[in-house]
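Hi,

Here is the structure I promised to pass on. Have a look at it first, and my notes on what turned up follow underneath.

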Amino acid sequence: MPTAQVNLTSGFSRRYTGGRREFEIEAKSLRDVIKALDKMYPGLGEHLETETTVAIDGQIHDEPGYFQKLRDGSEVFFIPKLEGG
Amino acid sequence: MNDVAPSRYKFVGTRPIRPDGVPKVTGRAMYAADMAMPGALYGKIVRSPHAHARIKSINTEKAKALPGVRAVITGADFPDHKFEYIGPERVAVNFWHVSRNVMAKEKALYEGHAVAAIAAISKEVAEEAEALIEIEYEVLPHAIDVDEAMKEDAPLLFEDMITRGIEPPPTKPSNISKKLEFAIGDVEKGFAEADVVVEKDFKTAAVHQGYIEPHACSVRMDADGQGEIWSSSQGHFVVRALTAKLLDIPVGNLRAIPAEIGGGFGGKTVVYVEPVAAMLSKKTGRPVKITMSRDEVFKATGPTSGASMTVKMGVKKDGTITAAQGVFKFQAGAFPGSPVMNGCLCAFAPYEIENQHTVGYDVVCNRPKSAAYRAPGSPISAFAVESVLDICAKKIGMDPVELRLKNAAKPGTPMIYGPKLAHGGYIETLEAVKNHPEYKKPLGPNQGRGVASGYWFNGGGESSATIQVNADGTITVATGSVDVGGSRASMALMAAETFGVPYENVRAIVADTSSVGYTHVTGGSRVTFATGTAVVDAAKKAIDELRARAAMIWDVDVDAVVWEEGAAKPASSNVGDFKPMPLKELAGKAAVTGGPITTAASVNAGGQAPGFATQFCDVEVDPETGKVTILRFVAAQDVGTAIHPSYVEGQIQGGVVQGIGWAPSEEYIYNQRGQLDNAGFLDYRCPVASDLPMIEALMVEVPNPTHPYGAKGVGEVNICPPMAAIANAIDNAIGRRLTELPMSPPKIRAALDHAAD
């Protein structure tokens with residue numbers, strides 16, 4: 001199973017993970033990441049799905065999608081959702 | 001204008017005539033205010049004359065008794081919503097706030113705040129009824145300026161507002177809704193390494209999006225609970241969702257039909273009139289139409305934030321930026337939600353700087369609630385950052401473009417919001433400016449040249465499209481994206497390219513909420529990227545179906561059929577001796593091969609590339625009057641692939657024009673009573689044609705590999721550099737650094753009366 005480097009912002013980590021920001025998670029897709037984090041911190045999955053934009057290896061996805069694929073060593077950042085004009 | 005490199009595409013990159021042009025120039029296009037529902041009542045919103053007042057009582061009895069009045073409503077008629085922030089941090093919606101912005105309950109929080117609404121048989125009756133509504137206000141002290149609103153003794157808009165984002169939470173309420181902080185590296189270490197450190201304070205004014213078409217809607221709520229909304233917006237799905245939520249009715253009971261839009265620029269991504277018309281319609285059983293006046297648009301719809309900022313940057317003599325720090329305080333207006341987070345994230349994004357720190361404050365004040373405006377937040381922080389960079393360049397004796405090139409962000413550059421930048425394009429815009437023949441041209445007396453850059457994320461997300469192959473082989477493309485900047489043309493071009501048929505054979509429309517899948521707003525420069533991806537996906541599905549139909553006709557396996565240049569062809573000579581079957585022929589056999597060919601695609605598009613822009617302008621300052629004349633404006637922007645280059649140039653020019661307005665003239669001017677003194681285009685000075693030079697749009701094409709045709713968002717980043725470019729040019733012309741927008745003639749005269757820094 002590939003392993004992803006997962007990062008949360010300080011705001012999310014303060015609110016939901018007791019300050020922990022970095023995780024190594026075995027995951028083939030973003031679904032696996034969200035599931036694993038939700039298992040560690042029940043309820044976090046829904047926050048991540050609804051409150052974040054996700055960057056996978058620098059590529060920004062406005063809406064996290066279960067279908068987004070990860071490779072071994074993928075960098076995943078959950079960042080606050082962005083809004084345009 | 002520049003012609004982009006020869007295209008590898010047949011239709012993408014061409015400049016066909018816009019499909020919405022004829023109805024618009026002949027006055028036949030249907031805007032929201034043109035809609036006339038049978039039996040419609042005139043809807044009028046009654047607004048607070050006070051900047052800040054407690055609503056002690058509202059007596060509507062006399063107004064209701066007036067003949068011709070069918071309903072009078074107040075905030076009490078709308079369902080209560082729980083006080084909770086729902087959804088994303090930046091765009092978290094608190095419906096307790098949203099409902100009160102649509103119609104005040106306990107307090108009026110700005111001049112123009114809706115406090116009641118009337119449905120009557122005519123405008124005259126509605127105006128007579130307005131005079132009969134008795135409202136008892138307790139006028140309260142107000143706070144307009146962001147620095148004033150942040151003071152400890154400032155009048156509080158919400159007596160229980162505790163700043164979010166501070167641990168432990170403050171014990172005392174304030175007008176600071178939220179504090180945000182982002183950092184990478186160690187700024188103190190970075191500043192210690194610098195040879196030159198520059199720190200400056202800046203202020204920007206609140207400015208309105210300035211769309212020509214005021215907000216308008218017609219709403220019919222029927223006795224069975226279903227309803228229709230016709231309105232002008234940047235997203236009818238969002239209009240439907242917000243109206244349903246505010247009235248507590250199922251989303252599926254509403255159908256929202258998009259009108260043509262006369263400009264939005266972010267300001268029409270929220271609702272003001274639709275829920276009010278819906279409630280009035282519900283009460284009266286009649287359709288209700290509401291059209292805002294220009295006065296109402298200025299006083300009651302969202303401008304973008306004014307701001308107070310401090311930016312500090314350190315550079316080495318060789319031009320390396322060692323550290324950058326910014327404190328950004330944004331007016332949110334009467335309810336939380338300024339674009340300060342975007343300001344913090346975009347501020348230093350064009351640059352690879354090891355040590356960065358930004359702090360943002362979202363501050364409520366007695367102004368209309370801010371709304372999105374073209375790259376919301378980014379132009380504000382860019383004004384400060386790009387001005388400071390210009391000072392740094394002068395101090396180390398380096399050309400401002402060279403300084404930016406030295407530090408330009410590129411793929412792999414760590415960004416302050418966490419990930420590494422995945423896309424390039426910035427360096428190419430700098431090179432385009434550097435190599436422009438006018439960039440090094442000498443200037444005359446009182447003339448100056450200024451350079452600035454900008455960054456914007458661009459957007460992706462949820463979009464839907466359907467494709468119909470008509471019986472004669474023409475194609476109809478329906479999407480859920482309101483066409484603000486030419487998306488019907490670009491959707492048709494991408495569909496034509498995918499099918500391999502002429503552009504003229506493809507017509508694109510904007511479908512209502514019941515006729516196409518969910519599509520997020522036309523905003524964030526997301527439509528060409530996200531909705532375009534949906535269109536291409538739907539077209540590919542249609543091509544697969546067309547191949548299957550040809551296979552059926554030829555009695556071969558579908559894999560033996562390929563699609564090339566608008567026709568089904570055998571994959572090889574082994575398949576059989578079949579002549580290519582064009583789309584028209586296949587469409588004519590649709591019935592016998594399985595019925596109409598209709599496909600749909602919905603996407604959650606990701607991997608959008610950000611936008612980078614670099615611009616330079618030449619100005620001349622009249623030292624007697626302080627008037628600034630812009631002599632030349634050159635705007636380079638990475639546009640990915642220009643799907644329809646004329647529209648792309650239009651976006652670049654439009655963004656620059658709005659920036660040119662923001663720089664020397666546009667501002668909300670409040671009097672001592674907290675009332676807006678310039679709520680009209682006569683006194684709120686947008687630039688007109690005679691204020692503008694020819695704006696030269698330099699399209700730099702660095703295709704986005706995550707889009708089928710390489711598209712990047714092009715609508716917003718162009719508004720980020722102009723204010724700083726003009727400030728830098730003024731400084732270059734007269735040796736005075738203007739740090740407050742607007743840089744109006746009196747301020748320039750005052751600067752000339754003082755010694756230079």
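**Helix α11 and the sheet it crosses**

In chain B, helix α11 lies across strands β8, β13 and β14 (321–333), and its direction is at about 145° to β8(B). Before you read on, keep in mind that this is a predicted model.

The sheet under discussion is an open one with five strands of chain B, ordered β7-β15-β14-β13-β8, and its pairing is mixed. At the edges you'll find β7 (176–184) and β8 (196–204) of chain B; each has a single partner strand, so one side of each has no neighbour in the sheet. On average, neighbouring strands here are turned by 10° against each other, ignoring direction. β8(B) and β13(B), residues 307–315, run antiparallel and are joined by nine bridges. If you want a spot to zoom in on, Val196(B) sits opposite Val315(B) in β13(B).

**The cores**

Which helix gives the largest share of the largest nonpolar core? First, the core itself: it has 111 residues, and the members that touch the most others are Met313(B), Tyr417(B), Phe457(B), Ile726(B) and Ile730(B). The largest share, eleven residues, comes from α11 (residues 378–396) of chain B. Apart from this core lies another, of 51 residues, including Met494(B), Trp554(B), Ala560(B) and Ala711(B). As background, nonpolar side chains tend to be buried together in soluble globular proteins.

Phe457(B) is worth a click. Leaving out residues up to four places away in sequence, Phe457(B) touches Ile60(A) and Leu82(A) in chain A, and in chain B it touches Leu345(B), Cys346(B), Tyr417(B), Gln608(B), Ala609(B) and Pro610(B).

**The four-stranded sheet**

There is also an open sheet of four strands in chain B, in the order β16-β24-β25-β26, again with mixed pairing. Its edge strands are β16 (447–456) and β26 (695–700) of chain B, each pairing on one side only. From one strand to the next, the twist averages 15°. β25(B), residues 628–638, runs parallel to β26(B), with six bridges between them. One residue to look up there is Gln637(B), whose bridge partner in β26(B) is Met699(B). Helix α13 (residues 426–434) of chain B lies across β16, β24 (611–621), β25 and β26 of that chain, at about 30° to β24(B).

**Helix α14**

Is α14(B) enclosed or open to the outside? All the signs are in the burial count: 13 of its 13 residues are buried, so α14(B) is largely enclosed by the rest of the structure. This helix covers residues 487–499 of chain B and reaches 18 Å from its first C-alpha to its last, close to the 18 Å expected at 1.5 Å a residue. Right after α14(B) comes Gly500(B), with a positive phi near 75°.

**Cysteines**

How many disulfides are there over all chains? The count is zero, taking a disulfide as two cysteine sulfurs within 2.5 Å. For Cys346(B), the closest cysteine sulfur is in Cys720(B), 6.8 Å away, which is too far for a bond. Cys346(B) has 3% relative accessibility, so it counts as buried. For Cys365(B), the closest cysteine sulfur belongs to Cys344(B) at 17 Å, also too far for a bond. Cys365(B) counts as buried too, because its relative accessibility is 0%.

Cheers

Notes:
Residues are numbered from 1 along each chain as its sequence is written. Chains are lettered from A and ligands numbered from 1 in the order in which they are written. This is a predicted model: local features need pLDDT of at least 70, side-chain atom pairs count only at pLDDT 80 or more; totals for chains, interfaces and linings use all residues. Side-chain values use heavy atoms; hydrogens and water are left out. A nonpolar core is a set of buried Ala, Val, Leu, Ile, Met, Phe, Trp, Tyr and Cys residues joined through side-chain atoms within 4.5 Å. Buried means under 20% relative accessible area, exposed over 50%, partly exposed in between (1.4 Å probe, protein chains only). Helices (H or I, at least four residues) and strands (E, at least two) are DSSP runs, numbered from the N terminus. Contact means heavy atoms within 4.5 Å. The expected span of a helix is 1.5 Å times one less than its number of residues. Two strands pair if DSSP finds at least two bridges between them. Axes are lines fitted to C-alpha atoms, for helices over the stretch in contact, and angles run from 0 to 180 degrees between N-to-C directions.
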